[in-house]
Amino acid sequence: MADKKTTEAAAQYTKAQLLTSKRYANRRDLISALLDDDKTYTADAVDALIEKYLKGKVK
């Protein structure tokens with residue numbers, strides 16, 4: 001009997017969905033500025049974008 005491995009794709013969210021989520025309630029300004037309207041993002045991708053922005057150097 002062969003083992004069946006299931007891979008579940010990560011959920012994708014639009015910018016509008018992320019702006020209204022409780023998870024990013026305190027980061028709505030960053031979400032609005034960093035994300036594109038026409039793309040979808042995973043929660044991990046959004047977290048990475050926010051972290052990269054916050055660790056960036058001031059010019």
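**Entry 1: Lys15**

I started with Lys15, which sits in helix α1 (residues 15-19). A note to myself before going on: this is a predicted model. I asked whether Lys15 is buried or exposed. With a relative accessible area of 11%, Lys15 is buried, because buried means under 20%.

Next I looked for what surrounds this lysine. Beyond its neighbours within four places in sequence, Lys15 is in contact with Ile31, Ser32, Leu35, Asp36, Asp37 and Lys39. One of these, Leu35, has its backbone oxygen 3.3 Å from a polar atom of the Lys15 side chain.

**Entry 2: the salt bridges**

How many salt bridges are there? I found a count of 4, and I went through some of them.

Lys15 turned up again here, forming a salt bridge with Asp37, with the closest N and O atoms 3.2 Å apart. This pair links distant parts of the chain: Lys15 belongs to helix α1, Asp37 to the loop between α2 and β2, and their places lie 22 residues apart in sequence. I then checked how accessible the partners are. Lys15 counts as buried at 11% relative accessibility, whereas Asp37 is exposed, with a relative accessible area of 58%.

I moved on to Asp36, which forms a salt bridge with Lys39, the closest N and O atoms being 3.5 Å apart. Asp36 is partly exposed at a relative accessible area of 38%, and Lys39 also counts as partly exposed, at 47% relative accessibility. I was pleased to recognise Asp36 and Lys39 from the contacts of Lys15.

Then I turned to Lys55 and Glu51, whose side chains meet in a salt bridge at 3.1 Å, N to O. Where do they sit relative to each other? They are 4 residues apart in helix α3, so about one helical turn separates them. I jotted down the background too: an α-helix has 3.6 residues a turn, so residues three or four places apart point the same way. Lys55 counts as exposed at 63% relative accessibility, while Glu51 is partly exposed, with a relative accessible area of 43%.

**Entry 3: helix α3**

That pair made me curious about α3 itself. Helix α3 (residues 43-55) has 13 residues, which should span 18 Å at 1.5 Å a residue; I found its end C-alpha atoms 18 Å apart, which agrees.

Which residues of α3 are buried? They are Ala43, Val46 and Ile50. These cover an arc of only 65 degrees around the axis, which puts them on the same side of α3. On the face turned away from that buried side I noted the exposed residues Asp44, Lys52 and Lys55. So Lys55, from the salt bridge with Glu51, counts as exposed because its relative accessibility is 63%, and exposed means over 50%.

I also asked what covers the buried residues of α3. The cover includes β1, α1, α2 (28-34) and β2 (40-41).

**Entry 4: the nonpolar core**

I went looking for the largest nonpolar core and found 9 residues in it: Leu18, Tyr24, Leu30, Ile31, Leu35, Tyr41, Ala43, Val46 and Ile50. Helices α2 and α3 each supply at least two residues of this core, and the largest share, 3 residues, comes from α3. I kept a general remark beside this: in soluble globular proteins, nonpolar side chains tend to be buried together.

I picked out Tyr24 to see what a core member touches. Not counting residues up to four places away in sequence, Tyr24 touches Leu18, Ile31, Ala43, Val46, Asp47 and Ile50.

**Entry 5: Tyr13**

Strand β1 (residues 13-14) is where I found Tyr13. This tyrosine counts as partly exposed, at 35% relative accessibility. Setting aside neighbours within four places in sequence, Tyr13 is in contact with Leu18, Lys39, Thr40, Tyr41 and Ala43. I checked Ala43 in particular: Tyr13 and Ala43 are 30 residues apart in sequence and 7.8 Å apart in space, C-alpha to C-alpha.

**Entry 6: Thr42**

My last stop was the loop between β2 and α3, where Thr42 lies. Thr42 is buried, with a relative accessible area of 17%. Which backbone atom lies 3.1 Å from a polar atom of the Thr42 side chain? I found the backbone nitrogen of Ala45 there. Leaving out residues up to four places away in sequence, Thr42 also touches Ala10, Ala11 and Gln12.

Conventions: Residues are numbered from 1 along each chain as its sequence is written. This is a predicted model: local features need pLDDT of at least 70, side-chain atom pairs count only at pLDDT 80 or more; totals for chains, interfaces and linings use all residues. Side-chain values use heavy atoms; hydrogens and water are left out. Buried means under 20% relative accessible area, exposed over 50%, partly exposed in between (1.4 Å probe, protein chains only). A polar contact is a pair of N or O atoms within 3.5 Å; within protein, one must be able to donate a hydrogen and the other to accept it, and residues adjacent in sequence count only if both atoms are side-chain atoms. Contact means heavy atoms within 4.5 Å. The expected span of a helix is 1.5 Å times one less than its number of residues. The arc is that of the directions from the helix axis to the C-beta atoms. A nonpolar core is a set of buried Ala, Val, Leu, Ile, Met, Phe, Trp, Tyr and Cys residues joined through side-chain atoms within 4.5 Å.
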